[in-house]
Amino acid sequence: MSTVLLDSALSDDDRRAKLYEGELFVYSPRPSTTAFVEFTRELIRDAFGDLDPETAQHHMPVEEYAALLAELKPRFIHHPTCKELIPAMLAELGCDISRTYFDVPRLRTSTSDDYLTSGIAYAFHPHRDTWYSAPFCQLNWWMPIFDIVPENGLAFHPRYFGQAVKNGSRTYNYYEWNKTNRASAAKHIKSDTRVQPKPEEEVEIFPQTRVIAPPGGMLVFSGNQLHSSVPNTSGRTRFSIDFRTVHFDDVVNHVGAPNVDSECTGTTMRDYLRGTDLSRIPEDLCLSYDEAPPLPDAILVYDHQTAS
């Protein structure tokens, strides 16, 4: 069972150690996160015009809505202002940005009542980011842009942090995904045919942990946490942003959460930018992450038996 630490005063080194053990951290809004929320809201409201972004789904054909997101999301992801605001947030939350690397932020949308759950607004099943070639030292930073409720937030399944889930990560390669699948997201409206790592056994969704933070409240968790999108029944679209970080010392020393069930190949390590000058992680370090850490012997035996 994970502990949720609110506005913890732990140092970044101690925080990372706790996150690698499965704990969750939540921080109240502060000037840097509020600035990011206001910037993101401005882009969203500009895209939706006279419509309320949270209820626009009720007034637009789904194809038109998907096309709007297909233009809005890349504009947000690649906006130069994001690369200024993220280091400011990390610094205010206690990170040494000379040794902390971040990736570009994603703008997430979770529409209500199954209006759009695939492609550009994919509704994530229970998963670990480490099934998608993320390093085990990756930390996820997640923040709502408008008010959220338990019916449209994010769910964690902490009992699985140290417990293996049979999954399809063995077929996933990050380089192949970028080459063949990433650019086609906006084309998947009614269903999503892209092959992504999913549980291959029943996952007990409950008990689960849902953290409801105000806009600008920051949730931090390990990329190894099993988490999912809550089926949205709120009547309103949830807008959130997330980005990921790694600490250079942990990258060098291969420090991070334990691998209990990930078998993917390739690595996202080249996506990260240093907080001070946007430089990338050296190539020799990236290459050392092309294969996931070995699984415990018990898991290897289990997979061998089920595959035979």
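The paragraphs below lead through a predicted model of a protein, from its overall make-up to its enclosed spaces and then to selected residues in its loops.

The protein has 308 residues, and 54% of them count as buried. Its secondary structure is made up of eight helices and 11 strands. Contacts between residues distant in sequence dominate the count: among contacts with a separation of 6 or more, 85% join residues 24 or more positions apart. The accessible surface comes to about 13400 Å², and carbon and sulfur atoms contribute 54% of that surface.

The interior offers a convenient starting point. The structure holds one cavity of 30 Å³ or more, and the space in this largest cavity is about 40 Å³. Which residues line the largest cavity? The lining consists of Asp12, Arg16, Cys95, Thr100, Leu139, Trp141, Thr245, Val246 and His247. Sorted by class, these residues comprise four nonpolar, three polar and two charged ones. Helix 1, strand 5 (139-144) and strand 10 (238-247) each supply at least two residues of the lining. Of the elements involved, strand 10 gives the most, with three residues.

A second space to consider is open rather than enclosed. The second largest pocket contains about 200 Å³ of space. Its lining is formed by 19 residues, and those nearest the centre of the pocket are Pro135, Phe136, Tyr289, Glu291 and Pro293. The classes represented in this lining are 10 nonpolar, seven polar and two charged residues.

Gln138 leads back to residues already named in the cavity lining. The residue sits in the loop between strand 4 (106-110) and strand 5. Is Gln138 buried or exposed? Gln138 counts as buried because its relative accessibility is 2%, and the cut-off for this class is under 20%. The side chain of Gln138 makes two polar contacts that can be traced in the model: one reaches the side chain of Asp129 at 3.2 Å, and another, of 2.8 Å, joins Gln138 to the side chain of Asn140. When residues up to four places away in sequence are set aside, Gln138 touches Asp129, Ser222, Gly223, Arg244, Thr245, Val246, Thr268 and Tyr272. Two of these neighbours, Thr245 and Val246, also belong to the lining of the largest cavity.

Asp52 gives a contrasting case in a loop. This residue is found between helix 2 (31-48) and helix 3 (62-77). Asp52 counts as partly exposed because its relative accessibility is 36%, a value in the range between the 20% limit for buried residues and the 50% limit for exposed ones. Which side chain does the side chain of Asp52 meet in a polar contact? The partner is the side chain of Arg236, at 3.3 Å. Along the chain, Asp52 and Arg236 are 184 residues apart, while their C-alpha atoms are separated by 9.9 Å.

Asp96 likewise occupies a loop, here between helix 4 (82-92) and strand 3 (100-102). With a relative accessibility of 36%, Asp96 counts as partly exposed. The C-alpha atoms of Asp96 and Asp13 are 9.8 Å apart in space, although the two residues are 83 residues apart in sequence.

The backbone also merits inspection. Most residues other than glycine have a negative phi, and most peptide bonds are trans. Asp7 departs from the first pattern, as its phi is near 50°, a positive value in a residue other than glycine. Asp7 is placed in the loop between strand 1 (4-6) and helix 1 (12-20), and at 36% relative accessibility it counts as partly exposed. His254 is another residue that is not a glycine and has a positive phi, of about 55°. The loop that contains His254 runs between helix 6 (248-253) and strand 11 (273-274). His254 counts as partly exposed because its relative accessibility is 44%.

Which peptide bond is cis? The bond from Phe206 to Pro207 is cis, with omega near 0°. Pro207 lies in the loop between helix 5 (174-180) and strand 7 (209-210).

Technical notes. Residues numbered from 1 in each chain as written. Predicted model: local features only at pLDDT ≥ 70, side-chain atom pairs only at ≥ 80, totals over all residues. Heavy atoms only, no water. Helix = DSSP H or I, 4+ residues; strand = E, 2+ residues; numbered from the N terminus. Buried < 20%, exposed > 50% of the residue type's maximum accessible area, 1.4 Å probe, protein only. Contact = heavy atoms within 4.5 Å. Areas by Shrake-Rupley, 256 points an atom, 1.4 Å probe, with all protein chains shown as cover. 1 Å grid on protein atoms, 1.4 Å probe; cavity = no way out; pocket = protein on both sides within 12 Å on 5 of 7 lines; lining within 4 Å. Points joined across faces, edges and corners; volume = space filled by probe spheres on them. Nonpolar A, V, L, I, M, F, W, Y, C, P; charged D, E, K, R; others polar. Polar contact = N/O pair within 3.5 Å; in protein donor to acceptor, adjacent residues only side chain to side chain.
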